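Let's take a walk through this structure, starting with a ring out on its own and working inward. Keep the model open as you read.

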Amino acid sequence: MCQYTFLAAIKYSNSATATVLQSLNVVLMAIVMAVWNRKRMSRIQIAAIILAVSGTYLIATKGNPVSMDISAKGLIFGILVAIGVVIYTLLSRPIIASWGNLTITGWEMLIGGSVLFFLTRAWIFPTNLELPAWIIIAVIVIIGTAVGFSVAEKYPL
């Protein structure tokens, strides 16, 4: 869900906006965990959430409340990325504790990729892509995904 919605958010907005919207997963996670644990958020957490949402609002509207600088699809897919990060982070916690992050992430990507393979009819290759586009796709898959998750497993924050 996260990779597809992130790339769709980029398609309907741009990479910077999609990244900012995806980063709202931290806000959503803080809210979900506060509700889940039945704990009140601290003033600092509330202030951070207000600043994050306000900053995102300013990016999306460029300060003009009657004008959105992002398409509705871009906004929806960007929010879905953030929701997806929260969902897979919370749902995978118990099995990650047993099997490890790399194994579970690998299975998540295999299952999600298999589903998307059939939904998007990925066996039909675009004929109009030039070499730079194929290189960019390879970089996204190899460096952005495989290396990114492997490094995060070895060197967690």
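Phe-118 is exposed, because its relative accessible area is 57% and anything over 50% counts as exposed. Bear in mind while looking at this ring that the model is a predicted one. Phe-118 forms an aromatic pair with Trp-123, and the pair is tilted, with 6.1 Å from centre to centre and 55° between the planes. Trp-123 itself is partly exposed, since its relative accessibility comes to 43%.

How many aromatic pairs does a search of the whole structure find? The count is five. One of them joins Tyr-4 and Phe-77, whose rings sit edge-to-face at 6.3 Å centre to centre, with 80° between their planes. That angle earns the edge-to-face label because the cut-off is over 60 degrees. The pair ties together distant parts of the chain: Tyr-4 belongs to helix H1 and Phe-77 to helix H5, 73 residues apart. Are these two rings buried or exposed? Tyr-4 is partly exposed, as its relative accessible area is 42%, while Phe-77 is buried, with a value of 19%. The cut-off for buried is under 20%, so Phe-77 makes it into that class. Ring pairs also bring in Tyr-12, giving a cluster made of Tyr-4, Tyr-12 and Phe-77.

Now look at Thr-5, also in helix H1, which covers residues 2-12. Thr-5 counts as buried because its relative accessibility is just 5%. What does Thr-5 touch once its neighbours within four places in sequence are set aside? Its contacts are Phe-77, Leu-80 and Val-81.

Phe-77 brings us to helix H5, residues 72-91. With 20 residues at 1.5 Å each, this helix should span 28 Å, and its end C-alpha atoms are indeed 28 Å apart, so expectation and model agree. (The expected span uses one less than the number of residues.) The buried residues of H5 are Gly-74, Phe-77, Gly-78, Val-81, Ala-82, Gly-84, Val-85 and Val-86. Among the elements that cover them are H1, helix H2 (15-22) and helix H3 (25-37).

Ala-82 of that buried set also turns up in the largest nonpolar core. This core has seven residues: Leu-21, Leu-24, Val-27, Ile-49, Ala-60, Ile-70 and Ala-82. Take Ile-49 as a place to zoom in: leaving out residues up to four places away in sequence, Ile-49 is in contact with Val-27, Ala-30, Ile-31 and Met-41.

Conventions
Residues are numbered from 1 along each chain as its sequence is written. This is a predicted model: local features need pLDDT of at least 70, side-chain atom pairs count only at pLDDT 80 or more; totals for chains, interfaces and linings use all residues. Side-chain values use heavy atoms; hydrogens and water are left out. Helices (H or I, at least four residues) and strands (E, at least two) are DSSP runs, numbered from the N terminus. Buried means under 20% relative accessible area, exposed over 50%, partly exposed in between (1.4 Å probe, protein chains only). Contact means heavy atoms within 4.5 Å. A nonpolar core is a set of buried Ala, Val, Leu, Ile, Met, Phe, Trp, Tyr and Cys residues joined through side-chain atoms within 4.5 Å. Rings of Phe, Tyr and Trp (its six-membered ring) pair if their centres lie within 6.5 Å; planes under 30 degrees apart count as stacked, over 60 as edge-to-face and the rest as tilted.
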